[in-house]
Amino acid sequence: MARGAKDQQTDPSDWVTRTADLALRHAEQTNGGTLPELITCASGISPSGPIHLGNLREFLTVHFVAEEIRRRGIAVRHLHSWDDYDRFRKVPAGTDPSWSEHIGRPLTAVPDPTGEFASWSDRFKAPLRSALAEMGCDMVEVEQTRMYRSGAYREQILTAIRRRGDIESVMSRFRTKKVEPTEGEPEVESTAEEDAAAGAGDDLARFPYKPYCRGCGRDTVTLTSFDDDTTDLAYTCDVCGDSYVTNVATQDEGKLVWKVDWPMRWTYEGVHFEPGGVDHASPGSSYTVGKEIVGPVFGGSAPSFVGYSFVGVAGMPKMSSSKGGVPTAAEALRILEAPILRWLYVRRQPKQAFNVDFGAEVLRLYDEWDALGKKAANPAKRDAAVLAWERASSTSTAGALAVPSTVVPFRMLSSVADVTAGSRELVARTVGAPEADLEPRLSKAATWITEYVDPEERTIVREAPDAERLAALTEAEARWLDLLLERLPSSFEGEAADVVAELTTLIYGVPKVARGLAIDADVRGDEEAKADQKAFFGLLYALLVGAERGPRLPTLFAALGADRVRLLLTRPAA
C-alpha cells in the first residue's frame, strides 16, 4: 500500500478521516493497486442563482476531505467545476420579466441585470468566491463554458455519440418522471414525459448531445438527423424557427446531457472523490446512472461518493432575506466568524441535516465555540470534537483563520452594541479592549444586533429616570435599590470578564443581603429568595429599559456605565 494511504485510526463521529480513507482506498483500487501521483477531489455547482448555504455543503465536504488527504503528505487538488454552460431555466422573482428572452441560453450568455458583472453566472460566482477565500478554501476552478467551447471535450462527445446505444440501454432502466432541479443543481434532460412524446423508437429523442441554436443561442432545438460518417447533426429551433447543421467533430456548439456529462468528466479529470446531495444516489439519479455509464462508455470509474443532506435556515429576518431571496455564505459571514461557519459543516455527518440559525441561536453557538476553544487548548482533552474545531480553525493553505486576539463573549458584545446603537467605539470602551483586538467578532456582533434582531426585541435604554415608578416602590423594592447603590462601584474598570463577574455577584446578591444572608450564599433550595431575585431583576429592567426583560443585567450594567445606572435607579429627593 502506497505511502499515506493506510486507513487512519478514527473516532466513529470523525466523518472526514473516514471519508478520506475511502477515497484513497478507491484511488488505489482504480489505479492498479498503487496511489496515483495526484488525488482529485471534485465539486460542482450551477451558478444559476444565489449559491446558498445548502450549496455550500458541496464545497466544504470536498474541502475538508482534501485537507485531510493533504495533511497525510499526499498530493491532492480540490477541483471545482462551474456548470455555467447549463441553460437559463427561469426568470427569478425580482428580475425584469423581459429576461425571459434569455431562457434556454447558456448562463454565461445571459447578461447580468445590474450590469455589474459580465454575465448572469459571474454575478453568482463572485460572492461565493469571496466567501470561500474568507473561509480559507483553496480550489482549482474549471468553467464548463470554456471547456465545451474550446473543444476540450470533443473526443469524449464523439465517443458518447458512437456509444449512444450503450448509453440508452442504461438510461432505459432508470426512466424517471421529470423533477425540476433546485437552484445550483445541474439540469436533468432525460425524462419520461419527453421520451413518451418523442416516441420510444426515435434515436434522436435520446441523443446524448444537444446543441445550442446557432441563430438565437437557445437549446430549444429539435434534432432532425445525424450522419455517423460525417458527424453532421441537423436541427430546427423551436423558438426562432431556423434550421442549422453543426458538425460535431469540428464545431463546438453544444453539450452532453447531464447524466452523460458527469461520468464523462469523472474520466476526463481523473476524479477520485466527489460528493452530492443524497438524492443523487437514489435509483435513477445522476450518480447511479453515471456509475453504469462511465466504464462501458468512457473507460473510467465512478469516484468514491458520499451523499449529503439538506441545510436549512432559521431566524432569518425579513429585512435581510428580502434583499437576496436566499441566505448565502457571504450573508452568514456577516455575523459568523469564518471558523464557526466552517465548524457548522465539519462537526456533523454529511447525511445529517441541520439549520443555520440567524436568530437567538447565534448567541448559544458562539458560547459553544468559545468553550470548545478552551477545551482545545488542553492536549489531554483532544477528541473528535476538538479535531472538528481544529479543522474549522485553520487550513493548509491559509493557515489560521481570522479570530479576535481578545476573546469577549459574543453575547456581551452584542448586548453592549444593542444599548450603544451599534457603536464599535463605545462597545470597545465598555469591554476595555482596543477595537482591533476585538475584530472580526466586534463588527459581526454589531451587525447581528442592528440588522438581524427584530426591532421589537431590541433594547431601548431610558433617557431619564422613571419618576413615577420610583415614587411607587414597595418597601422591599426600595430596600433592594438602596443596597445595590450602596455597593455599586463608582466606575466599572478592569477586565471585562472580571467586571461582569463582580456585577453578577452584586446583582444576584442584593436580595440575599436583604434577607440577612451573605451576598454569595447558595439559595438554590430557597424558593423565597429565588422569588425575590426574580422580582428584583424585573424591577431593574423596568427602571433601566422600560421592559420586562432585556440583555443579561451584569452586561447591561457594564454597557451603561456606573453613572448612568446610578442616575436611572436613584429615587428623586423628597
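**Notebook: salt bridges**

Glu292 comes out partly exposed, at 34% relative accessible area. I am working on a predicted model.

I looked up the partner of Glu292 next. Glu292 forms a salt bridge with Arg173, and their closest N and O atoms are 3.2 Å apart. This pair links distant parts of the chain. Glu292 sits in helix α9 (residues 286-298), while Arg173 is in the loop between α6 and α7, 119 residues apart.

I then turned to Arg206. Which residue does the Arg206 side chain meet in a salt bridge? I found Glu168, with an N to O distance of 3.4 Å. Arg206 lies in the loop between α7 (192-198) and β4 (209-211), and Glu168 belongs to helix α6 (residues 164-171), so the salt bridge ties together parts 38 residues apart in sequence. I note Arg206 as partly exposed, at 24% relative accessibility.

My third pair was Arg571 and Asp482. Their salt bridge brings the closest N and O atoms to 2.8 Å. The two residues are 89 apart and link distant parts of the chain. Arg571 is in the segment after α24 (562-569), and Asp482 is in helix α20 (residues 475-487). How accessible are they? Arg571 is partly exposed, with a relative accessible area of 37%. Asp482 also counts as partly exposed, at 31%.

I also checked for shared partners. One network joins Asp14, Asp21, Glu68, Arg71, Arg72 and Arg391 through salt bridges that share partners.

Last, I took the total. The count comes to 47 salt bridges, with a cut-off of 4 Å between the side-chain nitrogen and the carboxyl oxygen.

Note on methods
Residues are numbered from 1 along each chain as its sequence is written. This is a predicted model: local features need pLDDT of at least 70, side-chain atom pairs count only at pLDDT 80 or more; totals for chains, interfaces and linings use all residues. Side-chain values use heavy atoms; hydrogens and water are left out. Helices (H or I, at least four residues) and strands (E, at least two) are DSSP runs, numbered from the N terminus. Buried means under 20% relative accessible area, exposed over 50%, partly exposed in between (1.4 Å probe, protein chains only).
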